[in-house]
Amino acid sequence: MSSTSVQLTDENGDLVQIDRVPGPLPVAEAKELGQLRRAMRNNPRINLTDEAIEVAVGGFLDIPRLTILATHKDKVDGLNSFYAGATQLLVLEGLFDAESLSTVLGNPRLSGQVKAPPAPAPTGVRNASGELLAQLKIEYDSPAHARKVVEAVARETLLQEGADYSDSVLSNGVMTPVEAVLTEAHYADNSPPTMTAALIDGTSRYVSAAAARHYNPEATTPAEQTRTIVSTIGNNFAASRTARRRAYNRDAERHNAALARDGMTMATLRQLQTRAVPVRLIVGAVLNEDDADDVLAAAVATAQSSRHISINRWSDAAQDAMTARRMVNHLLHRQMVSPAFAALVADEELTAEEITSLVPGWDSDPMHGPNGRIHPLWRAVLIVHTLTRYRIFDEAKRFIRSDRGFGQVRDDRYAGFLGVLIDMPWRAAKPATTDVARRAWRNGGVLYPGVFGEWEPTPASAETLRKLADDGDANAQHTLTVLSGTALMADAVLTRDTGSKVDDGRVPYRATPPVVLAPWTSTVRGRWQAKTVVETFDPNKAGGTGEGKSVQAHYTYAHVDEVGEPIPDGATHEILLEKHLFTQANPERAADEQKKRRQEQMKREAEQKITREERNEQSRINLLHTIGEARAVVDRLTAEAADFPSPLTEHPMGGRADWKQVHQNLRDLEEALLDVRPPAGTEPTRLRDADRREV
């Protein structure tokens with residue numbers, strides 16, 4: 001233990017080593033707060049509203065130092081800067097009251113999860129002169145809606161494996177600064193807006209500090225402990241900025257007094273070690289009036305992604321989800337997609353007019369689900385169709401390459417970005433198969449060549465689509481294929497291409513999902529099967545084959561014949577398996593591959609039945625061939641010896657020592673053969689004369 005560390009006994013009687021012993025919490029005078037407020041208002045590089053500056057001043061703790069950094073004199077100040085893409089962001093770095101931070105922007109690390117807290121997309125803020133500011137705005141239905149997201153982020157972060165390091169925070173404090181941007185939550189119910197310093201990086205540190213600070217020794221279960229932490233975070237978000245500052249001053253004076261009176265106790269440590277958190281708060285940005293409203297939000301997202309590509313890496317799904325959402329916003333602000341489509345991608349409820357605008361000239365009623373919203377499978381069709389139109393597809397790929405630093409984005413990889421958008425409505429209902437489905441999307445998903453061609457979604461029932469496809473309607477066939485293919489991947493019936501599936505007999509041949517789907521609905525039986533799949537799919541339940549990842553399936557798909565009737569299997573019917581899809585898509589190839597595997601299996605079985613005598617005979621044949629090859633080498637070297645010493649300067653057999661080694665090996669082989677010489681009177685060899693002559 002170092003000379004500066006101490007040991008304390010925690011609430012459970014365990015010894016805890018504290019490597020960084022905290023001092024008293026800083027308490028600023030009203031005069032000092034005013035000085036920081038004036039310094040920030042007078043700094044031309046800080047472009048925030050007065051309310052945003054009040055929130056920043058109300059949360060900062062080491063006020064005298066920050067006043068010096070914020071003071072702009074002779075064109076110099078103490079703001080740090082960094083670039084996020086092409087946007088320069090300016091930050092003020094200091095200690096911040098942890099209870100004044102929030103997760104109102106969500107947590108990007110959770111964006112790919114099955115229960116991702118659905119935070120709306122933020123937008124930029126302009127002042128009365130139309131100038132963009134270095135703060136964000138986010139729209140919620142109500143304060144209760146915003147609080148629900150804030151609490152969900154905290155709860156899901158605590159449940160993430162490795163995300164709760166409250167023990168480390170308790171011992172060392174939060175050592176790496178969190179990052180935040182001032183964000184105002186607006187509400188559709190006209191409730192007063194809420195301005196907070198919203199985290200954009202460091203959510204796990206923030207939540208871990210809260211877990212250490214609000215530890216409840218009376219909690220009997222981890223769930224009860226989590227509820228205490230989550231509800232406290234929700235209460236802090238709901239409080240006003242003045243209430244938060246008063247609460248901090250009151251708590252700081254109380255805990256500082258306890259430190260002076262009782263020394264360092266566990267209760268005091270939990271407060272002093274975790275309440276003051278280092279933060280890098282965005283207070284300025286170099287922006288132009290002509291910039292789109294989302295330029296700051298895009299810059300923040302770029303900074304988040306670049307930070308987590310190699311350091312504290314997000315999951316692939318989380319990275320893909322963030323990139324895909326920014327991609328759609330990018331297309332929206334370039335007017336390449338409509339606001340209705342962007343709302344559809346965000347899984348927001350659309351008006352009847354917005355739905356009609358997505359399929360102009362068609363009756364959109366067949367696309368509605370029982371709840372009156374667009375059915376999730378039809379949502380998938382509209383996303384796939386829109387994002388595979390040539391100009392949009394080309395620009396979307398360009399954005400992904402830039403955003404992620406990819407040299408190229410193949411079609412199968414592009415499909416993976418669509419997959420994390422498409423599975424939003426059913427992630428929570430299908431947690432066991434969501435990751436399997438995402439791997440299938442990254443393997444091409446439903447993006448077979450025909451999807452990139454000229455076609456239009458056809459709003460109709462599955463049965464109508466089947467009949468239209470039977471009559472040669474390409475629009476209906478593509479629509480039916482995307483609907484059913486999406487359902488099959490969501491329930492892990494159609495999965496990514498792996499060699500093990502063929503080896504295990506789960507499929508008759510190797511093929512990626514788009515290779516299977518391309519010819520599948522070109523067959524009558526495939527169309528019947530697709531119709532059955534679309535009619536069976538339930539976005540609110542776990543479905544599948546009842547095997548593997550979907551072993552807990554609440555429903556399965558019937559395997560149908562050429563007229564759409566379920567194939568009987570005893571008292572019930574056959575369950576649709578992946579191998580059936582492969583056979584329906586290409587019956588000739590499936591039959592050929594199955595025949596080939598049967599022949600290979602018969603050959604392996606025949607080889608396994610070989611007798612010891614037959615195995616020994618084969619060994620003798622191999623030995624004679626090897627000796628014959630050795631004799632051929634000697635003959636070649638003997639012919640070479642005629643040219644020694646001229647023009648060859650070295651004997652073909654090397655030196656005398658080399659020759660002796662070869663000669664000795666041959667004598668050893670001869671003696672070994674004499675040791676296994678058969679007794680006189682044994683049966684003659686069964687070796688063919690041709691083998692003898694060849695040797």
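## Salt bridges

Aspartate 62 and arginine 65 form a salt bridge in which the closest N and O atoms are 3.0 Å apart. The model in which this pair appears is a predicted one. Of the two partners, aspartate 62 counts as buried, at 16% relative accessibility, whereas arginine 65 is partly exposed, with a relative accessible area of 40%. The count of salt bridges in the structure comes to 37.

Another of these salt bridges is formed by arginine 373 and aspartate 347, whose closest N and O atoms are 3.7 Å apart. Arginine 373 lies in the loop between helix H13 (352–358) and helix H14 (376–386), and aspartate 347 in the loop between helix H12 (339–345) and H13, so the pair ties together parts that are 26 residues apart in sequence. Arginine 373 counts as partly exposed, at 26% relative accessibility, and aspartate 347 is likewise partly exposed, with a relative accessible area of 27%.

## Arginine 466 and its network

Within helix H18 (residues 462–470) sits arginine 466, which forms a salt bridge with aspartate 470, the closest N and O atoms being 2.7 Å apart. Aspartate 470 and arginine 466 are separated by about one helical turn, because they are four residues apart in helix H18. Aspartate 470 counts as partly exposed at 33% relative accessibility, while arginine 466 is buried, with a relative accessible area of 7%. Through salt bridges that share partners, Glu463, Arg466, Lys467, Asp470, Arg527, Lys531 and Glu535 are joined into one network.

When residues up to four places away in sequence are not counted, arginine 466 touches Leu480, Arg527, Trp528 and Lys531. Two of these contacts, Arg527 and Lys531, also belong to the salt-bridge network that includes Arg466.

## Aromatic pairs

The structure holds six aromatic pairs. In one of them, the rings of tryptophan 426 and phenylalanine 537 have their centres 5.4 Å apart and their planes at 80 degrees; planes over 60 degrees apart count as edge-to-face, so this pair is edge-to-face. The pair links distant parts of the chain, 111 residues apart, with tryptophan 426 in the loop between helix H16 (411–422) and helix H17 (431–442) and phenylalanine 537 in the loop between helix H22 (524–536) and strand E11 (543–544).

Tryptophan 426 counts as buried at 3% relative accessibility, and phenylalanine 537 counts as buried at 6%. Elsewhere in the sequence, Phe393, Tyr414 and Phe452 form one aromatic cluster.

## Domains and an enclosed helix

The domain assignment of the chain gives domain 1, covering residues 6–308, and domain 2, covering residues 315–594. Taken over C-alpha atoms, the centres of domain 1 and domain 2 are separated by 40 Å.

Helix H2 (residues 50–59) is largely enclosed by the rest of the structure, because eight of its 10 residues are buried. The buried residues of H2 are Ala52, Ile53, Glu54, Val55, Ala56, Val57, Gly58 and Gly59.

## A nonpolar surface patch

On the surface, Leu623, Ile627, Val662, Leu666, Leu669, Leu673 and Val676 make a nonpolar patch of about 570 Å². Helix H25 (612–640) and helix H26 (656–675) each supply at least two residues of this patch, and the largest share, four residues, comes from H26. One member of the patch, leucine 623, is found in helix H25 and counts as partly exposed, at 36% relative accessibility.

## Backbone geometry

Most residues other than glycine have a negative phi, and most peptide bonds are trans. Against that background, the peptide bond from phenylalanine 644 to proline 645 is cis, with omega near 10 degrees, and a cis peptide bond also joins serine 646 and proline 647, where omega is about 10 degrees. Proline 645 lies in the loop between H25 and H26, and proline 647 is found in the loop between H25 and H26 as well.

Although lysine 75 is not a glycine, this residue has a positive phi of about 65 degrees. Lysine 75 is placed in the loop between helix H3 (63–70) and strand E3 (80–84), where lysine 75 is exposed, with a relative accessible area of 78%. Aspartate 347, again not a glycine, has a positive phi of about 60 degrees; this is the residue that forms a salt bridge with arginine 373, and aspartate 347 lies in the loop between H12 and H13.

Terms used
Residues are numbered from 1 along each chain as its sequence is written. This is a predicted model: local features need pLDDT of at least 70, side-chain atom pairs count only at pLDDT 80 or more; totals for chains, interfaces and linings use all residues. Side-chain values use heavy atoms; hydrogens and water are left out. Patches are made of residues with over 30% relative accessible area and no salt bridge: like charges are joined within 9 Å, nonpolar side chains (Val, Leu, Ile, Met, Phe, Trp, Tyr) within 5 Å. Accessible areas come from the Shrake-Rupley method with a 1.4 Å probe; for residues, only the protein chains shown count as cover. A salt bridge is a side-chain nitrogen of Lys or Arg within 4 Å of a carboxyl oxygen of Asp or Glu. Buried means under 20% relative accessible area, exposed over 50%, partly exposed in between (1.4 Å probe, protein chains only). Contact means heavy atoms within 4.5 Å. Domain bounds come from an automatic or database domain assignment. Rings of Phe, Tyr and Trp (its six-membered ring) pair if their centres lie within 6.5 Å; planes under 30 degrees apart count as stacked, over 60 as edge-to-face and the rest as tilted.
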